[in-house]
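Thank you all for making time this morning. I would like to walk through one structure with you, so please have the sequence and the model open while I talk.

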Amino acid sequence: MTSRTIVLTGASDGIGAAAARELSRLGHEVVLVGRSPDKTAAVARELDAESHLADFSHLASVRRLADDLRQRHPRIDVLANNAGGIFGRTRVLTTDGHEQTFQVNYLAPFLLTHLLHEPLLAAGGTVVNTSSAANKLFSRFDIDDLDAARRYDPRRAYGNAKLEQILFTKEFERRFSGVGLSATALHPGVVASSFSGATGSAMRLIYTSPLFARFLVPVERGADTLVFLADGQPGVDYPTGEYFVDRAVKRPKRQAEDPELARRLWDRSEEMLGI
């Protein structure tokens, strides 16, 4: 096996930290990205790995992260966009003027992927996006209301962002597969971690109540498909441009497979970011 350089966001806790441990055990160079200084440093010490801090609610932080990564890594084999979250019942705008769920789960990873295009291209790399079954369960996607200005609901916002990640995956594959790049998306399961466990989170009950505990999967199982996609050879070990659940290709919501919608979302994202 050839060791790969794998940039993994959301790596300080939950399935990100579990995936980092397993990918490091498999011999890969894992570059950790997290928001919490203490948690990120702890995982980095444990794995003797490089780490970076970034807050996806600030696009300037994403740009600084990309600058640092480009300077240190002229080749990136895998970018695992795993950071994200479910937020509260009140619509909150970031300092960049975007609805928080949309920016943290989708727009910031889109920007990071764009800014790391050259090191990904140099390696013939792949992008792995952590989506969710919420793309089917909660989304009510409106391309003309990406920031949920007309109708905000926290679960809907999260479902829309996870559907957007799949549309992003499909369009990335369409645009760049011809030059050797690839992308996939995945649902990790409903994982027993601190994800969405904060006070005020719209789905805190599911992640903290003993009544739901038996339905949650361990973080190691939740990380399994992410590890499978990051460790495997795209196009050989699995088909690219697809949405995976438990290492198998599954159908997302019908909207997520609309090529015209994917193109429009990509173009609108570039307009928002000025790129």
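Before anything else, a definition: by a polar contact I mean a pair of N or O atoms within 3.5 Å, where, within protein, one must be able to donate a hydrogen and the other to accept it. Please also keep in mind throughout that what you are looking at is a predicted model.

With that definition in hand, let me begin at Thr 40, which belongs to helix 2, residues 37-47. A polar atom of the Thr 40 side chain sits 2.6 Å from the backbone oxygen of Ser 36, and that distance falls within the 3.5 Å cut-off for a polar contact. Is Thr 40 buried or exposed? Its relative accessible area is 2% and buried means under 20%, so Thr 40 counts as buried. If we set aside residues up to four places away in sequence, Thr 40 touches Ser 12, Leu 32, Gly 34, Arg 35, Ser 51, His 52 and Leu 53.

Some of those names lead us into the strands. Strand 2 is mostly covered, with five of its six residues buried. On one side of the pairing list, strand 1, residues 5-9, pairs with strand 2 in the parallel sense over five bridges, and Thr 5 has Glu 29 in strand 2 as its bridge partner. Strand 2 is also joined by three bridges to strand 3, residues 51-53, and these two run parallel as well; here Leu 32 stands opposite Ser 51. As for how the chain gets from strand 2 to strand 3, it passes through helix 2, and this β-α-β crossover is right-handed. Strand 1, helix 1 (residues 14-25) and strand 2 likewise make a right-handed β-α-β unit.

Let me now turn to the nonpolar interior. The largest nonpolar core has 45 residues, and those with the most contacts inside it are Phe 56, Leu 112, Leu 116, Phe 141 and Phe 172. Among the elements that give two or more residues to this core are strand 2, helix 3 (59-72), helix 7 (154-176) and helix 10 (259-273), while the largest share, nine residues, comes from helix 4.

To take one of these residues, Phe 56, and leaving aside its neighbours within four places in sequence, its contacts include Val 62, Leu 65, Val 104, Ala 108 and Leu 112. There is, finally, a second, separate core of 28 residues, which includes Ile 15, Val 43, Ala 44 and Val 78.

Technical notes: Residues numbered from 1 in each chain as written. Predicted model: local features only at pLDDT ≥ 70, side-chain atom pairs only at ≥ 80, totals over all residues. Heavy atoms only, no water. Core = buried A, V, L, I, M, F, W, Y, C linked by side-chain atoms within 4.5 Å. Buried < 20%, exposed > 50% of the residue type's maximum accessible area, 1.4 Å probe, protein only. Helix = DSSP H or I, 4+ residues; strand = E, 2+ residues; numbered from the N terminus. Contact = heavy atoms within 4.5 Å. Pairing = 2+ DSSP bridges. Right-handed = clockwise from strand over helix to strand, strands pointing away.
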